[in-house]
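Subject: Structure handover

Hello,

Please find the structure below, with notes on what turned up in it.

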Amino acid sequence: MPTTCVFQLDRLNPVYNSGEYISGRILLRTDKVKRVNAVYVTLEGEAKVQWSMSGKSETSNYSGHQQYLHTRTNVFDNSLFRAGVHVYVLTLRIPPDCPSSCKGPYGYIAYNISLTIDKPWGFDEVFRKPIMVVQTLDLNYNSEFALPVKDENIKYLCHWPCVSGPISSSLALPASGFTPLQEVPFTVEIDNQSPHYDIIALEVSIKQHFVFLSRKPVKRNFYTKTLCKEIVTDRTLRLSKRMYESSIVVPMDTPRSTLNPNYIVFLHYTLQVKLKTGYFHYDTDLSVPIVVGTTPLQHLHVSTCTRQPGRRTPTSERQRLIERVQPRPATVQEETPQEAAAEEIHQTLEDDEPPSYDSCLPPSFSFATLAGSQQTLESQPRIHLPKFPGFSTLLGTAPAHEQILEDSGLDMHYYRSYGSLDTDHTGRSLDTFGSLCGPLSEQGEAEQQEQEQRLDATAQVHQAEHQF
């Protein structure tokens, strides 16, 4: 049976902020004695870019690499590695200056924890666990993020001799710093002095811009992606003025903006508004830069949205059915003394009657299909997994590992590895595991059996008390 390795971290969704500690354990299972040089655990973070451009006669290749984090800790230094299950407890620290994980078409920034079995001959056995790092950015520490931003544009739809009046437009934001799931309020002012054309719609979107920098040779490449988009269908008629006030929500799992221009993967965002004029005219573009952080501004904290944008709006028929099955709000009315006395007599008569089983009746069809399902979905907590790297939503790694041990016909021995993986504030390892691993003692197993017997006796006593 091949060697298997299971990473059990302290979080179901391995997303960590820069400066946090990664806690967990590694379960390494081997079915035979191996001759190794060492067994070590590493925490790595790096950025890579690569693309190629084809010309008429040759193809140019561009690439770059940047290392942000690399720590190594040996957990075994002898030559003979015993067969069995080895458990390593780890505690690693992510430096606070590590950039956020992201992925684009020409490069990425990724972090992973790996366990390597260094063999004196042949290929090394490497087991990796990807993690996602989010660099913290408090928007309140920089006053520039709280300042309003604005963009203006003047456009003429036709030229001489059919020149028309100008279309003046402006886009304004109260601030430039926002966080994921936060509403971005914006104001668009349009002065349409064209006597022939109307502004038929507005297209508002949040753009994500990647800048990839190669080292061999030095060259930049750009890529733009639309994160979210909304359409405002209100017209601005010719020879009229209009002001639009609305908001758009920053999508969830949006990586924070990159502020260090020395990184080979640079990420920034803009809010773009297009004025749709129709016919054969080009759209007028208004764009302002925004910064995506992790801690919102204090004066804009109330605008945080609790749901993902783009949610499906119910139709009129569905909304009417939902309102029909929802309970009506109770009306508060003043009661007269006669009504209060009659209610007390009625309540006394109801207390003498047998219990009612109306609450045990099955729900109606409309309630079960509409209101019931809606309440169930909204009451359950939503788990949003990161887009990069991808993680499996299936749990139960420890039971699966135990099942593998039970199904195998080998005589497995559990070994305890002494020590821990600890790193200081700079990310360098402080100590290592003990070089020797011994099997669990029989005395420890006997103590565990005695503890289980005491727990069983306590449970039986509680059950007997509950019966009485």
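To begin with one pair of residues: G24 has L90 as its bridge partner in strand 8. The model is a predicted one, and everything that follows should be read with that in mind.

The G24 and L90 bridge belongs to the pairing of strand 3 (residues 21-30) with strand 8, which is antiparallel and runs over 10 bridges. Strand 8 covers residues 84-93, and seven of its 10 residues are buried, so strand 8 is largely enclosed by the rest of the structure.

Elsewhere, A47 is in strand 5 (residues 38-54). A47 counts as buried because its relative accessibility is 0%, under the 20% cut-off. A47 is 17 residues away from G64 in sequence, and the C-alpha atoms of the two are 8.1 Å apart in space.

The five-stranded sheet

Next is an open sheet of five strands with mixed pairing, in the order 14-20-19-16-17. Its edges are strand 14 (177-178) and strand 17 (219-232), each of which pairs on one side only. As general background, strands of a sheet pair through backbone hydrogen bonds, in either a parallel or an antiparallel sense.

Strand 16 (residues 201-214) is worth a look in the viewer. How many of its 14 residues are buried? The count is 14 of the 14, so strand 16 is largely enclosed by the rest of the structure. In a regular strand, side chains alternate between the two faces of the sheet. In strand 16, both faces are covered. On one side A201, E203, S205, K207, H209, V211 and L213 are all buried, and on the other side so are L202, V204, I206, Q208, F210, F212 and S214.

Strand 16 pairs with two strands that can be taken in turn. With strand 19 it runs antiparallel, joined by 12 bridges, and F212 stands opposite V265 of strand 19. With strand 17 it also runs antiparallel, here through 13 bridges, and K207 has T226 in strand 17 as its bridge partner.

Strand 19 (residues 265-276) also pairs with strand 20 (residues 284-292), in the antiparallel sense and over seven bridges. One bridge there joins Y269 to I290, the latter in strand 20.

Loops and backbone

Strands 16 and 17 form a hairpin, with four residues between them. P217 is in that loop between strand 16 and strand 17, and the peptide bond from K216 to P217 is cis, with omega near -15 degrees. Most peptide bonds are trans, and most residues other than glycine have a negative phi.

Which residues other than glycine have a positive phi? L181 is one of them, with phi near 65 degrees, and D253 is another, with phi near 60 degrees. L181 sits in the loop between strand 14 and strand 15 (183-192), while D253 sits in the loop between strand 18 (240-249) and strand 19. Their accessibility can be set side by side: L181 counts as buried, at 15% relative accessibility, whereas D253 counts as partly exposed, at 30%.

The cavity

A search of the whole structure gives one cavity of 30 Å³ or more. The volume of the largest cavity is about 60 Å³. What lines the largest cavity? The lining consists of P99, S100, C102, I109, Q135, P255, R256, S257, T258 and L267. By type, these lining residues are five nonpolar, four polar and one charged. Domain 1 (4-134) and domain 2 (143-300) each supply at least three residues of the lining.

Cysteines

C102, named above as part of the cavity lining, counts as buried at 5% relative accessibility. C5 is buried too, with a relative accessible area of 17%. A disulfide is a covalent bond between the sulfur atoms of two cysteines. The count of disulfides in this model comes to zero, where a pair of cysteine sulfur atoms would have to lie within 2.5 Å to be counted.

For a first pass in the viewer, strand 16 with its buried residues on both sides and the cavity lined from both domains are two places to start.

Regards

How values were computed. Residues numbered from 1 in each chain as written. Predicted model: local features only at pLDDT ≥ 70, side-chain atom pairs only at ≥ 80, totals over all residues. Heavy atoms only, no water. 1 Å grid on protein atoms, 1.4 Å probe; cavity = no way out; pocket = protein on both sides within 12 Å on 5 of 7 lines; lining within 4 Å. Points joined across faces, edges and corners; volume = space filled by probe spheres on them. Nonpolar A, V, L, I, M, F, W, Y, C, P; charged D, E, K, R; others polar. Domains from an automatic or database assignment. Pairing = 2+ DSSP bridges. Buried < 20%, exposed > 50% of the residue type's maximum accessible area, 1.4 Å probe, protein only.
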